[in-house]
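I open this notebook to record what I looked up in one structure. The entries follow in the order in which I made them.

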Amino acid sequence: MSTFGSKRLVVGAHYGLRDWLAQRVTAVLMALFTIAVLARFLMPGELGYDHWSAVFAPHWMKVLTFVAIVALAYHAWVGVRDVWMDYVKPVGIRLALQVFSIVWLLGCAGWAIQVLWRL
């Protein structure tokens, strides 16, 4: 069986374009969030806990931060998953690393959201 031409048998997860686009979209979201946070911090006032708390007090900023946290977690997942898929060949070890990565990223995102909504 030939592996070249129009009848090429493709195996794998078929992520390709979707994940490439997800990486770009999440990167743009994180860049916009960074610009918004920098703009809020560059406003006049002393940089202390009160100023920091005031930056994240408005509801729109909490929602924007939530979106940035989710984007960061997904961005990290796509990158880490690709590293595991490309460089870890034993399926059992790769699956264990992927599960650990998912649990770790969900834990970090959950903790960040918990901190955010306590402000």
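Entry 1. Before the first look-up I fix one term: a residue counts as buried when its relative accessible area is under 20%, and as exposed when that area is over 50%. I also note that the model is predicted.

Entry 2. I looked up the overall make-up of the protein chain. I found four helices and zero strands, and from the N terminus on the elements run α-α-α-α. The chain has 119 residues, of which 26% are buried. I then turned to contacts between residues at least 6 apart in sequence, and 62% of these join residues at least 24 apart.

Entry 3. Is S101 buried or exposed? Its relative accessible area is 8%, which is under the 20% cut-off, so I record S101 as buried. I place S101 in helix α4, which covers residues 91-118.

Entry 4. Which residues does S101 touch, leaving aside its neighbours within four places in sequence? I list W77, V80 and W84. With W84 I found a polar contact from side chain to side chain, at 2.9 Å. S101 and W84 are 17 residues apart along the chain, and I read 9.8 Å between their C-alpha atoms. I noted a further distance at the side chain of S101: one of its polar atoms lies 2.8 Å from the backbone oxygen of L97.

Entry 5. I searched the whole structure for aromatic pairs and obtained three. For F100 and W104, the ring centres are 6.3 Å apart and the planes stand at 25 degrees, so I enter this pair as stacked. Why are F100 and W104 separated by about one helical turn? The two are four residues apart in helix α4, and I take the spacing from that. I recorded both F100 and W104 as exposed. Elsewhere I noted one aromatic cluster, formed by F41, W52 and F56.

Entry 6. I looked up the largest pocket and read a space of about 370 Å³. It is lined by 17 residues, and those closest to its centre are T65, A68, I69, L72 and A112. Which elements give two or more residues to this lining? I found α1 (16-41), α3 (59-87) and α4. By kind, I sorted the lining of the largest pocket into 16 nonpolar residues, one polar residue and no charged residue.

Entry 7. I close by returning to helix α4: this element holds S101, and α4 also gives residues to the lining of the largest pocket.

Key
Residues are numbered from 1 along each chain as its sequence is written. This is a predicted model: local features need pLDDT of at least 70, side-chain atom pairs count only at pLDDT 80 or more; totals for chains, interfaces and linings use all residues. Side-chain values use heavy atoms; hydrogens and water are left out. Buried means under 20% relative accessible area, exposed over 50%, partly exposed in between (1.4 Å probe, protein chains only). Contact means heavy atoms within 4.5 Å. A polar contact is a pair of N or O atoms within 3.5 Å; within protein, one must be able to donate a hydrogen and the other to accept it, and residues adjacent in sequence count only if both atoms are side-chain atoms. On a 1 Å grid over the protein atoms alone, a cavity is a set of points where a 1.4 Å probe fits but cannot get out, and a pocket is an open set with protein on both sides within 12 Å along at least five of seven lines; lining residues have an atom within 4 Å of a point. Grid points are joined across faces, edges and corners, and a volume is the space filled by probe spheres set on the points. Ala, Val, Leu, Ile, Met, Phe, Trp, Tyr, Cys and Pro count as nonpolar, Asp, Glu, Lys and Arg as charged, and the others, Gly among them, as polar. Rings of Phe, Tyr and Trp (its six-membered ring) pair if their centres lie within 6.5 Å; planes under 30 degrees apart count as stacked, over 60 as edge-to-face and the rest as tilted.
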